[in-house]
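Hi,

Here is the structure I said I would pass on. Have a look at the sequence and the coordinates below, and then read on for my notes.

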Amino acid sequence: QFGTPTWYFVSSITGQRPFNRPRIRDHAVLAVTFDAARLVFAAPSKAAEIVALIDGRRNLGAMAQMMDLGWDDFAAIYGPVHRMLTGVNKLFLRQP
């Protein structure tokens, strides 16, 4: 009716020190367009940055380099994003 729907997913992690107000430590917004399915899920930290790099041509090593991260740091960030997207069948892997 109004074009392809876009959903915005917001994830915030807060922390609070004794006797202080809670503060947002990490905040992520992920915009996702689906055909006709409405799915809601928490967006892991840096999800939008990683999803923007997924194009079917880059491998994970190239993505880590583009984010200027070592492999262990990248894997710690990519793991939750991979689980989130494969859990809703929105990430498809191809053979090398």
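Let me start with the charged side chains. Searching the whole structure turns up two salt bridges, where a salt bridge is a side-chain nitrogen of Lys or Arg within 4 Å of a carboxyl oxygen of Asp or Glu. Before the details, bear in mind that this is a predicted model: local features need pLDDT of at least 70, side-chain atom pairs count only at pLDDT 80 or more, and totals for chains, interfaces and linings use all residues. Residues are numbered from 1 along each chain as its sequence is written, and side-chain values use heavy atoms, with hydrogens and water left out.

One bridge links R57 to D55, with 3.4 Å between the closest N and O atoms. The other runs from D55 to R58, and there the closest N and O atoms are 3.2 Å apart. Through shared partners, D55, R57 and R58 end up in one salt-bridge network. As for how open these residues are, R57 is exposed, with a relative accessible area of 67%. D55 is partly exposed at 30%, and R58 is partly exposed too, at 33%. The cut-offs here are under 20% relative accessible area for buried, over 50% for exposed and partly exposed in between, using a 1.4 Å probe and protein chains only.

Now the overall layout. The protein has three helices and two strands, arranged along the sequence as β-β-α-α-α. Both kinds of element are DSSP runs numbered from the N terminus: helices are H or I with at least four residues, strands are E with at least two. Of the 96 residues in the protein, 24% are buried. The accessible surface comes to about 7400 Å², and carbon and sulfur atoms hold 53% of that; areas come from the Shrake-Rupley method with a 1.4 Å probe, and for residues only the protein chains shown count as cover. Among contacts with a separation of 6 or more, 42% are between residues 24 or more positions apart, a contact being heavy atoms within 4.5 Å.

What about the inside? The largest nonpolar core has 14 residues, and I50, F74 and V81 have the most contacts inside it. By nonpolar core I mean a set of buried Ala, Val, Leu, Ile, Met, Phe, Trp, Tyr and Cys residues joined through side-chain atoms within 4.5 Å. The elements giving two or more residues to this core are α1 (47-53), α2 (60-66) and α3. Helix α3 supplies the largest share, six residues. If you want one residue to click on, try I50: leaving aside neighbours within four places in sequence, I50 is in contact with M63, M67, F74, I77, Y78 and V81.

F74 comes up again in the aromatics. There are two aromatic pairs in the whole structure. In the tilted one, W71 and F74 sit 5.8 Å centre to centre with 40° between the planes. For the cut-offs, rings of Phe, Tyr and Trp (its six-membered ring) pair if their centres lie within 6.5 Å, and planes under 30 degrees apart count as stacked, over 60 as edge-to-face and the rest as tilted. W71 and F74 are three residues apart in helix α3 (residues 71-87), so about one helical turn separates them. W71 is partly exposed at 49% relative accessibility, whereas F74 is buried at 0%. The other pair, F74 and Y78, is stacked, at 5.6 Å centre to centre and 15° between the planes. F74 and Y78 are also about one helical turn apart, because four residues separate their positions in helix α3. Like F74, Y78 is buried. Put together, W71, F74 and Y78 make one aromatic cluster.

Two further spots to look at:

- I54 lies in the loop between α1 and α2 and is partly exposed, at 31% relative accessibility. Not counting residues up to four places away in sequence, I54 touches M63, L85 and L91. The C-alpha atoms of I54 and L91 are 9.1 Å apart, with their positions 37 residues apart along the chain.
- D26 belongs to strand β2 (residues 23-33) and is partly exposed at 25% relative accessibility. D26 and S12 are 14 residues apart in sequence, and their C-alpha atoms are 5.7 Å apart in space.

Cheers
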